[in-house]
Amino acid sequence: MGRARIEVLRPRWACRECGNTLTEEVPFRASSQRITLLLLTFVCDLLAVGQTLKAVSLTAGLHKNVVKAIDRARLSGLYTEGEGSKRKLRKPERQARYLGADTFKLYGGHRYATVVIDLKTGHVLWLAYSKRKQVVHEFCDFVLAEWISNVETIACDMNADFECAFLKRFLHLDIVYGCFHIMKNFNEKVICKVRKEEQARLKGGGRQRGRACPSST
């Protein structure tokens, strides 16, 4: 639970003919990071068990951007294949029975992304920069019909486009709404409306009582 300072001598060679220089590599340094391989493994283990970027940053004593870069590389290795512009999502290695689909905002703006995961393992199966029902069709074409035919249930928000898109192609699927989305919809459509009506009633009653009271001198 303390910091250790390690000083390492790194010889540098220069070519007298071409002028290029070469510095000896550090064998225990993580690639593309100024941390050790052991610390990189420790950070990846913390991220793998579900700890947040902030929690890992505080535990490991690293800047949150460093932890974020490590997590991005870790997820890229788990769920993608190929290099550079040819990198693409890796097809699921096991058959999933229960899927979860949800949309979320990007950078606090009006751009959205949709993610589809295996609810049992938490593995990311599909990720797209959109919240339209076309995302569902692209996902189904990616995993193929035989794979989807063995899926039993899909949990999603109360977006009618997702439900219609799934059931249009696979009628055997059971659509389940998450408790969070049900309560969120209930609060927005019922509780908020009742609260506003009650506030308006109380304000109106207060103004009437105020007019009934004689003004003080």
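This is a short tour of one helix and its packing, then of some aromatic pairs.

Before you click, note that the model is predicted, with local features needing pLDDT of at least 70, side-chain atom pairs counting only at pLDDT 80 or more, and totals for chains, interfaces and linings using all residues. Residue numbers start from 1 along each chain as its sequence is written, and side-chain values use heavy atoms, leaving out hydrogens and water.

**Helix α2.** Select residues 53-60, helix α2; helices are DSSP runs (H or I, at least four residues), strands likewise (E, at least two), numbered from the N terminus. V56, S57 and A60 are buried here (under 20% relative accessible area with a 1.4 Å probe, protein chains only; exposed is over 50%, partly exposed in between). They sit on the same side of α2 because they cover an arc of only 105 degrees around the axis, taken from the directions from the helix axis to the C-beta atoms. Flip to the other side for K54 and L58, which are exposed.

**Its neighbours.** Now add α1 (37-48) and α3 (64-79), against which the buried residues of α2 pack. Just after α2, G61 has a positive phi, near 75 degrees.

**Aromatic pairs.** Show W126 and F142: their pair is tilted, 5.0 Å centre to centre with 40 degrees between the planes. Rings of Phe, Tyr and Trp (its six-membered ring) pair if their centres lie within 6.5 Å, with planes under 30 degrees apart stacked, over 60 edge-to-face and the rest tilted. W126 is in strand β7 (residues 124-128) and F142 in helix α4 (residues 134-143), so the pair ties together parts 16 residues apart in sequence. Finish on F139 and W147, both buried.

Terms used: Contact means heavy atoms within 4.5 Å.
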